[in-house]
Amino acid sequence: MRDLADTVDRAFAAALYAQDDAGLDTGASLLVADPGGWPGVGRELLARGEAYVRQGWERGWQPADLLRLVRRDLDERHLRIAGDLIAAEARRYARLPERWSTAEVWWKDDEEYADGLARRERADRFTLATAVLEVLRLLIRLPSIEPVGPLPGDPVDALAEHAHIEPRMLGRIRALLAKAEATTFPEEAEALSGKAQELMARHTVDEAVLAASGRGPVQVPAACRIGVEAPYEEAKAVLLDAVATANRCRAVWNSGFGFSTVVGFESDLEAVELLYTSLLVQGTAAMTRAEAVQRSGGRKRTKTFRQSFLLAYAGRLGHRLAETAEHAAGEAPDNLPALVARDVAVTSRAEEMFPRTTTTRLRGATDQAGWEDGTAAADRAHMGGRRRPALPET
């Protein structure tokens, strides 16, 4: 057993801490040198991987963040291996935090993992050892980022209750957005998306008034991360910022790691996730249709058209989302103090998490047709003023 641990130590020293890739072959060769030791190597790699995953959690990362980074920097095999390590680490806990989704452990015993991995991936041991080392190298290089919630195993703070959107209303919102995504009639999508945002805004008002009266649970703002990935990540960050602002949240974009951190009360965060995802689907579909029209007129599909389209779509939606939210808040002026108190709490929490942020200069829209079509699509979606997304200062 000690010899095995020493072998893994030497493999890690060669592969994980070098500045180039030259040590990966050496490390993988050491791990597969003894054919009879492969099951034990797999068990040891799992155990070491669990520790590195936990270290990632302690640096502020969550499963979705880690998998997003692996998908961007490595490939699908690495993504599956990373999922295995996350599942292995998560099995130690009886309860996981909210939004802490992981895969199931598919192997029966850790001693069987290595052979099961070879069967699943249909790859030789050297290839698999290299892939595992590449995942572990990514894990140990993770920097610290702003934490957005408790870690597995942390005690639950009884005072920090999170009020979710009531299930029946959540079902109505999801159904409206699903219909908006499915329809090919712009006017219908407009009405459906508008109704969904109206329900979200009214729920926020009701929840703020209930909390201010002392009849609701004591709540504090929470935070979540939402992926904002290439291509056209700047336009997507603008869209998410608009959706967050309309729902009384604050979004801070981390362009380096492909996500925005959204700060707000839990039910508002749920609303932001739902609406952003739906509007992105609607915008992408509208962009595809607009491109088809452009191609039928003899124009080739271009990146500048798509970039300009999505920037216009995101920008125009900001105004329309804000109008809907302001209308819901203005229906009962007496509720304004409760909403202001909610806004102050969210701003304070965001400034605590991100004491220094910068603004980013967006690449301009250079395609007039894309801009005009994107603006029109936003009007049809009934959801945009363009805001520059905030970035954590580096």
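**Exercise 1. Find the residue in strand E3 that is the bridge partner of Arg250, then work out how E3 is paired.**

Step 1. Look across from Arg250 and you land on Val263 in E3. A second pair to spot is Trp253, whose bridge partner in E3 is Ser260. Helices (H or I, at least four residues) and strands (E, at least two) are DSSP runs, numbered from the N terminus.

Before going on, a word on the model: it is predicted, so local features need pLDDT of at least 70 and side-chain atom pairs count only at pLDDT 80 or more, while totals for chains, interfaces and linings use all residues. Residues are numbered from 1 along each chain as its sequence is written, and side-chain values use heavy atoms, with hydrogens and water left out.

Step 2. Zoom out to the strands: E2 (residues 250-254) runs antiparallel to E3, and five bridges join them. Two strands pair if DSSP finds at least two bridges between them.

Step 3. Check the link: E2 and E3 make a hairpin with four residues between them, and Gly258 in the turn has a positive phi of about 75 degrees.

Step 4. Now find the other partner. Strand E1 (residues 222-227) pairs with E3 over six bridges, again in the antiparallel sense. Arg225 stands opposite Thr261 in E3.

**Exercise 2. Decide how well E2 and E3 are covered.**

Step 1. Get the cut-offs straight: buried means under 20% relative accessible area, exposed over 50%, and partly exposed in between (1.4 Å probe, protein chains only).

Step 2. Count along E3 (residues 259-264): six of its six residues are buried.

Step 3. Sort them by face. Phe259, Thr261 and Val263 sit on one side, with Ser260, Val262 and Gly264 on the other, and both faces are covered.

Step 4. Do the count for E2: four of its five residues are buried.

Step 5. For context, 51% of the chain's 394 residues count as buried, and the chain has 14 helices and five strands.

**Exercise 3. Work out how many disulfides there are, and check Cys224 and Cys249.**

Step 1. Use the rule: a disulfide is a pair of cysteine sulfur atoms within 2.5 Å. The count comes to zero.

Step 2. Try Cys224: its nearest cysteine sulfur belongs to Cys249, 7.8 Å away, and Cys224 is in no disulfide. So that 7.8 Å is too far for a bond for Cys249 as well, since Cys224 holds its closest cysteine sulfur.

Step 3. Check exposure. Cys224 counts as buried at 2% relative accessibility, and Cys249 is buried too, at 8%.

**Exercise 4. Which residues of helix H2 are buried, and where do they lie around the axis?**

Step 1. Scan H2 (residues 22-32): the buried residues are Gly23, Leu24, Gly27, Ala28 and Leu31.

Step 2. They cover an arc of only 135 degrees around the axis, so they are on the same side of H2. That arc is taken from the directions from the helix axis to the C-beta atoms.

Step 3. Here's the background: an α-helix has 3.6 residues a turn, so residues three or four places apart point the same way.

**Exercise 5. Is Ala328 buried or exposed?**

Step 1. Locate Ala328 in helix H12 (residues 303-330).

Step 2. Read off its relative accessibility: at 8%, Ala328 counts as buried.

Step 3. Look for His203, 125 residues from Ala328 along the chain: their C-alpha atoms are separated by 9.5 Å.
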